Amino acid sequence: MTKIKIFDLKEQYKTIAKEINKNVTNILSSGQYILGNNVKLLEENFAKHVGAKYAISCNSGTDALLLSLRALGIKKGDEVITTPFTYFATAEVIALVGAKPIFADINPHTFNINYKLIERLISKKTKAIMPVHLYGQSCEITKIRNICKKNKIALIEDCAQSFGAKYNGKYTGTFGDFGCYSFFPTKNLGCAGDGGMIVTNNLGKSKMLKKLRNHGGLIRNIHEYVGYNSRLDEIQASILVTKLKIIDKLNDSRIKIAENYKKLINNKNVKVPYQAENSYHVYNQFTLRVKKRTRFIAHLEKHSVPYGIYYPIPIYKQKAFKDFNYKCNLSNVNKITKECISIPIYPELDKNSFNKIVEVINKYK
Ligand SMILES: Cc1ncc(COP(=O)(O)O)c(C=O)c1O
């Protein structure tokens with residue numbers, strides 16, 4: 001039995017190596033490495049794919065969020081409402097622009113922000129809501145959009161884990177003012193390094209974002225804003241152009257694996273993830289809930305089944321945020337951070353590994 005991997009990026013590369021190698025060689029011989037035809041093509045194809053007017057690439061998912069906050073002029077003294085159960089980057093960028101992240105507890109079934117708890121957190125300082133579509137499943141985004149409209153605040157969707165996910169048949173990322181994606185290699189649509197994308201329907205903001213990602217300007221030596229070096233390079237863009245062509249197939253494979261896990265995992269001590277009715281879940285992670293996680297981990301390790309804990313600490317308890325002096329005590333996130341555990345799910349997961357994972361989990365007592 002070969003070793004089970006938590007993800008396997010090499011296998012996916014093998015299936016598209018010919019096209020990728022050809023494109024990368026062409027780019028290397030062309031001498032055009034930054035902001036060339038591949039970036040332009042990716043942005044066009046990406047916008048078309050998700051159904052947005054404009055797509056602006058950048059250096060990472062983190063920068064996609066950061067640039068969106070900057071494009072909205074969010075700054076010191078402002079507040080942005082988000083989830084305490086996400087990768088640190090979501091809240092980190094709010095602090096980076098000088099604003100304060102405000103946390104609403106999660107729905108323990110979907111792991112996403114509980115929209116019912118958002119409105120009571122809105123104050124005069126609130127400038128935006130930044131929900132996350134965690135693990136590949138949309139949050140209740142239309143409800144959150146209504147709250148934003150009613151209160152005249154912006155909506156930034158963190159789609160780092162949800163490329164391809166839909167809510168009521170519409171792609172995540174296209175509900176808010178900005179949809180922000182990560183191309184980190186383990187994401188559903190991943191490149192061979194770091195990369196990110198922002199989508200918007202606002203022409204003015206799209207122009208501003210193109211400047212912000214390039215030191216605040218498009219013309220050499222003219223800087224309209226204090227910006228960033230946050231350009232996606234041509235090699236990454238060309239890899240993503242290739243992968244975008246097969247992403248639906250890759251997401252289908254993830255969904256099939258998830259469905260089979262749900263069918264075959266049968267253990268009263270292990271809860272499989274819940275999928276909301278109106279949600280098209282693309283399973284960036286397959287996250288279980290177990291009461292005695294340390295014991296469960298020992299069992300998985302004994303049988304060489306890899307796992308990941310996303311995320312073990314609610315963000316408001318992170319040391320980096322100690323100066324915010326949070327007084328909140330959010331019971332659902334406190335509980336879920338102790339119970340969540342993700343098992344391997346990626347399009348290339350082979351049948352033997354899958355069967356072994358199910359067998360080991362079903363044997364757990
Ligand atoms: C929910 C979420 N937001 C933001 C990010 C940041 O993306 P990147 O690693 O591309 O900067 C990630 C990456 O893991 C993420 O999972």
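This passage walks through the overall fold, the domains, the shared core and the ligand shell of a predicted model.

The secondary structure of the protein comprises 10 helices and 13 strands. With a radius of gyration of 21 Å, close to the 21 Å that the globule rule gives for 365 residues, the protein is as compact as a globular protein of that length. Along the principal axes, its C-alpha atoms occupy a box of roughly 65 × 55 × 35 Å. Buried residues account for 46% of the 365 residues. Among contacts with a separation of 6 or more, 69% link residues that are 24 or more positions apart.

Two domains can be distinguished, domain 1 spanning residues 9-242 and domain 2 spanning residues 247-363. Taken over C-alpha atoms, their centres are 24 Å apart. Where the two meet, 31 residues of domain 1 are in contact with 31 residues of domain 2. On the domain 1 side, two or more residues each come from helix α1 (9-30), helix α4 (88-96), strand β3 (100-103) and strand β6 (166-167). That side of domain 1 is of mixed character, with 14 nonpolar, 12 polar and 5 charged residues.

It is helpful to turn next to the interior. In soluble globular proteins, nonpolar side chains tend to be buried together. Here, the largest nonpolar core contains 93 residues, and Cys 180 and Ile 198 have the most contacts inside it. Helix α7 (residues 234-264) supplies the largest share of this core, namely 7 residues. Because domain 1 (9-242) and domain 2 (247-363) both give residues to the core, it lies between them. The surroundings of Ile 198 deserve a closer look. Leaving aside neighbours within four places in sequence, Ile 198 is in contact with Ile 56, Cys 58, Ala 64, Leu 67 and Ser 68, and also with Phe 178, Gly 179, Cys 180 and Leu 209. Cys 180, a contact of Ile 198, is thus also its companion among the residues with the most contacts inside the core.

The ligand, finally, is surrounded by 15 residues, of which Ser 60, Gly 61, Thr 62, Ala 160 and Ser 182 come nearest. Helices α3 (61-71) and α4 each provide at least two residues of this shell. Helix α4 also gives two or more residues to the side of domain 1 that touches domain 2. By class, the shell around the ligand holds 5 nonpolar, 8 polar and 2 charged residues.

Note on methods
Residues are numbered from 1 along each chain as its sequence is written. This is a predicted model: local features need pLDDT of at least 70, side-chain atom pairs count only at pLDDT 80 or more; totals for chains, interfaces and linings use all residues. Domain bounds come from an automatic or database domain assignment. Two residues are in contact if their C-beta atoms, placed from the backbone, lie within 7 Å. Helices (H or I, at least four residues) and strands (E, at least two) are DSSP runs, numbered from the N terminus. Ala, Val, Leu, Ile, Met, Phe, Trp, Tyr, Cys and Pro count as nonpolar, Asp, Glu, Lys and Arg as charged, and the others, Gly among them, as polar. A residue is near a molecule or strand if its C-beta atom, placed from the backbone, lies within 6 Å of it. A nonpolar core is a set of buried Ala, Val, Leu, Ile, Met, Phe, Trp, Tyr and Cys residues joined through C-beta atoms within 7 Å. A residue is buried if 20 or more other C-beta atoms lie within 10 Å of its own, exposed if 12 or fewer, and partly exposed in between; C-beta atoms are placed from the backbone. The radius of gyration is taken over C-alpha atoms; the globule rule is 2.2 Å times the number of residues to the power 0.38.
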